[in-house]
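User: I have a structure open here and would like to go through its cysteines, its charged pairs and its surface. Could we take them in that order?

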Amino acid sequence: MRLKSDLVQQQQLQKKPFVSYVLLISHVINRVFEWLQLLHMSVFSQSFSPCGRFLAAGNNYGEIAVFSLSAALSPDATAANQKPVLTFTAHEGPVFSLLSTDVHLLSAGNGEISAWSWNELTKKNVKPLWTKRPNYKSSLEIPEINSMIINPRDNSLVVGGGDNNIHIMDLEHGVFKNVLQGHSDYIHCVSVRDREAEILSGGEDGAVRMWDSRSSQCVHCIEVYKYESCARPQFGKWISCLTTDSDWMLCGGGPSLSLWHLRSLSPTSIFPLSGCQRQAAFYQDKVRNCLCCVHLLLCVFMVRSLAALCFERPVSSDHIDVFTNLSYRAFSLSF
């Protein structure tokens, strides 16, 4: 009996080194996988919380990270404060777009939009309030959703993406009520010109379309790449960024970044940038809170009485650079 017991004990001792070796290999493989994930990570989207104390960022793995800006910007901040306070998987594919309302964080991925409560996220409770899909032609169609913006005129959500159409969602009732058709290729960006009841969209087809939000008709179509002063054939004709301020529009991508007067539908300024811009924004006085960008080259131009900001094409990175002013980078947040 004792000989049998000793034999079992000896076998267990022989197994322990093997088990330890397997666990070590498994740990190394997991660490290498995590390193490779960070190496190939791209931050596609970001949005500030309504209170301005938090920043949400979405990456190509479908994850959303929530950072505490108040902690990261405090005088006694440490490296730990530059890490997320919460990270969770929001979509199966990349998080292409993020948008904050007064109480919700909206996230968009491949063919779907989800709503999250900011109040619950700050408590680290991760559960979507709802998930909606635009009315696509086929149930098998899963186009990416590249851009979202709120139209305050009727409290609707304007959505542009890979099916070449703009979808309008009634946020009060949670249903998609309209589709704007006209682009011949997928849509990169959307903007709202509230005073004129207009929606603007820019796409891969090189067109900026202006839509009457009341009649859902396209009232103007600007093919930016056909203007000699804007054309850059070596980069293509796609419009990747678009923003408006009253009677002015700033757009760029393949064509040069340019400022347009919307009443005359003509370019007034062309900016001599060498690369392709991914984002553009107007700022009148100064950047409030802090400006975050994903390892981007930031350029500032004074356009009449406005400051125009544009961003060059990002590289793959899990870092988000934080600027407390436009002179230098203060620090970086990371997944």
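User: How far is the sulfur of Cys218 from the closest cysteine sulfur, and in which residue does that sulfur lie?
Analyst: In this predicted model, the closest cysteine sulfur to that of Cys218 belongs to Cys221, at 5.7 Å. That is too far for a bond, because a disulfide requires the two sulfur atoms to be within 2.5 Å.

User: And Cys276, what is its closest cysteine sulfur?
Analyst: For Cys276 it is the sulfur of Cys241, 9.5 Å away, which is again too far for a bond.

User: Are these two cysteines, Cys218 and Cys276, buried or partly exposed?
Analyst: Cys218 is partly exposed, at 30% relative accessibility, whereas Cys276 is buried, with a relative accessible area of 5%.

User: How many disulfides does the whole structure have, then?
Analyst: Zero disulfides are found in a search of the whole structure.

User: Changing topic: how many salt bridges are there?
Analyst: There are seven salt bridges in the structure. One of them joins Asp154 to Lys177, with the closest N and O atoms 3.2 Å apart. This pair connects distant parts of the chain, 23 residues apart: Asp154 is in the loop between β9 (145–151) and β10 (156–161), and Lys177 is in strand β12 (residues 175–181).

User: How accessible are Asp154 and Lys177?
Analyst: Asp154 is partly exposed at 33% relative accessible area, and Lys177 is partly exposed at 45%.

User: What does Asp247 pair with?
Analyst: Asp247 forms a salt bridge with Arg263, and their closest N and O atoms are 3.1 Å apart. Asp247 sits in the loop between β17 (239–245) and β18 (248–253), and Arg263 in the loop between β19 (258–261) and β20 (266–270), so the pair ties together parts that are 16 residues apart in sequence. Asp247 is buried, at 16% relative accessibility, while Arg263 is exposed, at 57%.

User: Which residues share a salt-bridge network with that pair?
Analyst: The network links Asp247 and Arg263 with Arg193, Glu196 and Glu198.

User: And what about Asp212 and Arg214?
Analyst: Their side chains also meet in a salt bridge, at 3.2 Å from N to O. Asp212 is buried at 15% relative accessibility, and Arg214 is exposed at 60%.

User: Last topic, the surface. Which residues form the nonpolar patch?
Analyst: The patch consists of Leu24, Val28, Val32, Trp35, Leu36 and Leu39, which together have about 550 Å² of accessible area.

User: Where does Leu36 lie, and how accessible is it?
Analyst: Leu36 lies in helix α1 (residues 2–39). With a relative accessibility of 35%, Leu36 counts as partly exposed.

Conventions:
Residues are numbered from 1 along each chain as its sequence is written. This is a predicted model: local features need pLDDT of at least 70, side-chain atom pairs count only at pLDDT 80 or more; totals for chains, interfaces and linings use all residues. Side-chain values use heavy atoms; hydrogens and water are left out. Patches are made of residues with over 30% relative accessible area and no salt bridge: like charges are joined within 9 Å, nonpolar side chains (Val, Leu, Ile, Met, Phe, Trp, Tyr) within 5 Å. Accessible areas come from the Shrake-Rupley method with a 1.4 Å probe; for residues, only the protein chains shown count as cover. A salt bridge is a side-chain nitrogen of Lys or Arg within 4 Å of a carboxyl oxygen of Asp or Glu. Helices (H or I, at least four residues) and strands (E, at least two) are DSSP runs, numbered from the N terminus. Buried means under 20% relative accessible area, exposed over 50%, partly exposed in between (1.4 Å probe, protein chains only).
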